[in-house]
Each structure stands twice: as structure tokens, then as C-alpha cells.
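Morning, everyone. Please have the sequence and the model open in front of you. I'll start with empty space, then move to packing and a few single residues.

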Amino acid sequence: MNATLRNSAKDVVYFCIIFFIVFFAYGGLGYLLFGETIKDYQNFFKTLFTLFRIILGDFDFVTLRANFPITGPLFFMSFVFIGFFILLNMFMAIINQSYQKVKEDMENSQP
């Protein structure tokens, strides 16, 4: 069971590295694209906080689309698609794989 825990922890660490690379890349892109116009993107840390709010479902899409009719929705939709659909599903797959491995180990260890 310890080997399963180590493999799961390693997978979660890899996921966190990928997640933060994507998160900080979108933070930099959002700051460069919208920093001079929209107050939620005024500096890098406000942009990161705004992206965190987007992940939680609290966002101002109307302002983003009004000021940047092409790049705003493209930025938003690509972040939501990559953040939710790909990364969140990747995380759920790691958890599901770990659950299945622990379940198999428990079934094999019982008499």
C-alpha cells in the first residue's frame, strides 16, 4: 500500500507542476493582453487572482468581451477549456487510478 501511496503522490506532484505552468502562463498572457485596460488584470498578482476566481466560477465576462471582442472570449474560453476539461479530468483520472489500485490491493490481501 505504501508503493501505491508513493505513486499517487508522485502523480499528484506532476499534475501540480503542469497545472501551475498552465496557470502562470495564462496569468502572464492575461496581464499582457488586458493589463492596461481592465482593472482585474492591472498587475500579475491581480491577474492570477482573477484566473483563480474564473476557476471558482466568479468572473466578469461582459467586461472582458466589451473591451476585447476577439481576444477576450478566446482567452477566456481557452482557459476554461484547458483548466476545467483537461486539467480537472486529468486530476480525476489520477484519483480514480489510485482508488482502483488500492481496491485491487485490498482484494488481493484478504484471505
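A definition first. A cavity here is a set of grid points where a 1.4 Å probe fits but cannot get out. Its volume is the space filled by probe spheres set on those points. The general idea is simple: rolling a probe the size of a water molecule over the atoms shows where empty space is left. And keep in mind that this is a predicted model.

So, how many cavities of 30 Å³ or more turn up in the whole structure? The search finds one. About 90 Å³ of space lies in the largest cavity. Its lining has 13 residues, and the closest to the centre are Asp 40, Tyr 41, Thr 50, Phe 59 and Asp 60. Two helices each supply at least two lining residues: H2, at 44–56, and H3, at 61–67. By character, the lining splits into seven nonpolar, two polar and four charged residues.

Stay with Thr 50 for a moment. Thr 50 sits in helix H2. Buried or exposed? Thr 50 has a relative accessible area of 6%, so it counts as buried; the cut-off for buried is under 20%. The side chain of Thr 50 reaches the backbone oxygen of Asp 40 at 2.8 Å. Leaving out residues up to four places away in sequence, Thr 50 touches Asp 40 and Tyr 41. Both of those partners are also on the list of residues closest to the cavity centre.

Next, the core. The largest nonpolar core holds 14 residues. Phe 34, Tyr 41, Leu 51 and Ile 54 have the most contacts inside it. Helix H1, at 2–34, helix H2, and helix H4, at 71–109, each supply at least two residues of this core. Which helix gives the most? H4 does, with four residues.

Now look at Ile 54. Not counting residues up to four places away in sequence, Ile 54 touches Tyr 41, Phe 59, Phe 76, Phe 79, Val 80 and Phe 84.

Take Phe 79 from that list. Phe 79 lies in helix H4. Its relative accessibility is 4%, and therefore Phe 79 counts as buried. With the same sequence neighbours left out, Phe 79 touches Phe 23, Tyr 26, Leu 51, Ile 54, Ile 55 and Phe 84. Phe 79 and Ile 55 are 24 residues apart along the chain, yet their C-alpha atoms are separated by 9.0 Å.

On to Gln 42. Where does Gln 42 sit? Gln 42 is in the loop between H1 and H2. Gln 42 is partly exposed, because its relative accessible area is 43%, and partly exposed runs from the buried limit of 20% up to 50%. The side chain of Gln 42 makes a polar contact with the side chain of Lys 46, at 3.2 Å. Leaving aside neighbours within four places, Gln 42 is in contact with Tyr 31 and Gly 35. Gly 30 is twelve residues from Gln 42 in sequence, and the C-alpha to C-alpha distance is 9.5 Å.

Last one: Lys 101, found in helix H4. Lys 101 has a relative accessible area of 40%, so it is partly exposed. Lys 101 and Ser 8 are 93 residues apart in sequence, but 9.7 Å apart in space, C-alpha to C-alpha.

To recap: one cavity of 30 Å³ or more, and a largest nonpolar core of 14 residues. Thanks, that's my slot.

How values were computed. Residues numbered from 1 in each chain as written. Predicted model: local features only at pLDDT ≥ 70, side-chain atom pairs only at ≥ 80, totals over all residues. Heavy atoms only, no water. 1 Å grid on protein atoms, 1.4 Å probe; cavity = no way out; pocket = protein on both sides within 12 Å on 5 of 7 lines; lining within 4 Å. Nonpolar A, V, L, I, M, F, W, Y, C, P; charged D, E, K, R; others polar. Core = buried A, V, L, I, M, F, W, Y, C linked by side-chain atoms within 4.5 Å. Buried < 20%, exposed > 50% of the residue type's maximum accessible area, 1.4 Å probe, protein only. Contact = heavy atoms within 4.5 Å. Polar contact = N/O pair within 3.5 Å; in protein donor to acceptor, adjacent residues only side chain to side chain.
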